[in-house]
Structure formats: structure tokens, C-alpha cells
Amino acid sequence: MAMETPRKPAKAGGKDVVGKAGAKAPRPGTVRTESSARKQSAPLPVPKTAVPRAPGGGVTGAPPVLLAGGNPRIAKGEGNGPVQAYIAAMPGWKRDLGRRLDALIERAVPGVHKAVKWNSPLYGIEGEGWFLGIHCFTKYVKVAFFRGMSLNPVPPGESRSKDTRYLNLREDEPFDEKQFLDWVRQASRLPGERM
């Protein structure tokens, strides 16, 4: 009768296969290494939940997410829908100001092209670039005239950009609609900013 020789541990990739107590037995024909056992016991990533989106790119039924300074986080998109989603998400008194600014811009430039990029509404002439942008900050709403140095009179807010000028609108300060309309009309006739 032939004598049985003891079996040596199986080797995989030059390492002895070590079993763990309570670990599942490998399928027949597979070799389980210590590293594969560790990988198998690692927690699986949690899938992100899909968030329903409105036709304009905003989130439906979910409260708006506000970034630093209270600026709404709105999905990038072209057209009036994303801009209206941004305005609806503006916090407090800024929402009414956003509606007012949007209406004034539409009155000054009928058929104005709109989009949201970098969490800011942009206004321009289709195919000609952007002449104005809006952005929320903690205590004010900033209107950026991208060719503001060419406006008469020049808007009061300075910029690091040689062409851009700002108009910062605060809750308790008067707002000169007539001057704003004039600036918007002037800005819309200048070469737009390509973004």
C-alpha cells in the first residue's frame, strides 16, 4: 500500500494561501490569497442617489444648495430655465432683487440670451458673447459689466480685470433703475465676453 504524503499549502503568486476563520470557502478551481480575502471584506462604495432635475437644470423638490456667501448652486445650462432656477434659489431679499434685475435686463434688451455658468447667471447676445453677469455674496448682489470701462458713466465697483466694472447692490441702499437700464443697453451694444 502506498503511503500518502502530506499536502503542502497551495501557492498563489509566490505566497502561501492562508484561510481565515469564518471566511467563505472559495469556489472550486479558485485560489484565495490573503489580499483577496481583505479586498472581499472591504465595504462597498455607497451609490449616489439620483436627484430629479427640472427641465431648466434646477433640482425639483429639493431645497437649493447655497455655496459660500449664499450663492445658489445651479447646474450649468443655457436659456431662461437655469436663470429662473438660480433666481428662485437666491436667499431672502436677494430673490426679489434677482427678479427685478432679470425683468430690467429683458426690458432693456428684448430677446436677451441667458445662461448659468460657474453658478452665475449670464446675459448676452447670442453668438456675440456675454455682457453682464450676476453673483450673490453674503451682504450684496454683484452685477458685473464685462466691458464696464467702456460705459458712460463707468459703474462704481473696481475690478482686477482692466475692462470689468461692478455694481454692488445692498438691501438697504437705493437702486437707480434708470441708470441700470442705460448701462445694460450700452453694454449690450459692446463686444461680448466669450466664456
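The hairpin of β5 and β6 has 3 residues between its strands, and G127 there takes a positive phi near 80°. The model is predicted. Strand β5 covers residues 120–125 and also pairs with β4 on the other side of the sequence, through a hairpin with 2 residues between the strands. The points below cover the strands and then helix α2.

**Pairing of β5 with β6**
- Strand β6 spans residues 129–136 and runs antiparallel to β5, with 4 bridges joining the two.
- Within this pair, L122 stands opposite G133 of β6.

**Pairing of β5 with β4**
- Strand β4, residues 113–117, is also antiparallel to β5, and 5 bridges join them.
- V116 has P121 in β5 as its bridge partner.
- In the turn of the β4 and β5 hairpin, W118 has a positive phi of about 55°.

**Burial of β5**
- Of the 6 residues in β5, 5 are buried, so the strand is mostly covered, where buried means under 20% relative accessible area.
- In a regular strand, side chains alternate between the two faces of the sheet.

**Helix α2 and its cover**
- Helix α2 runs over residues 80–89, and its buried residues include P82, V83, Y86, I87 and A89.
- These residues lie on the same side of α2 because they cover an arc of only 165° around the axis.
- The elements that cover the buried residues of α2 include the strands β4, β5 and β6.
- Strand β3 (77–78) and helix α3 (93–108) are also among the elements covering them.

Technical notes. Residues are numbered from 1 along each chain as its sequence is written. This is a predicted model: local features need pLDDT of at least 70, side-chain atom pairs count only at pLDDT 80 or more; totals for chains, interfaces and linings use all residues. Side-chain values use heavy atoms; hydrogens and water are left out. Buried means under 20% relative accessible area, exposed over 50%, partly exposed in between (1.4 Å probe, protein chains only). Two strands pair if DSSP finds at least two bridges between them. The arc is that of the directions from the helix axis to the C-beta atoms. Contact means heavy atoms within 4.5 Å.
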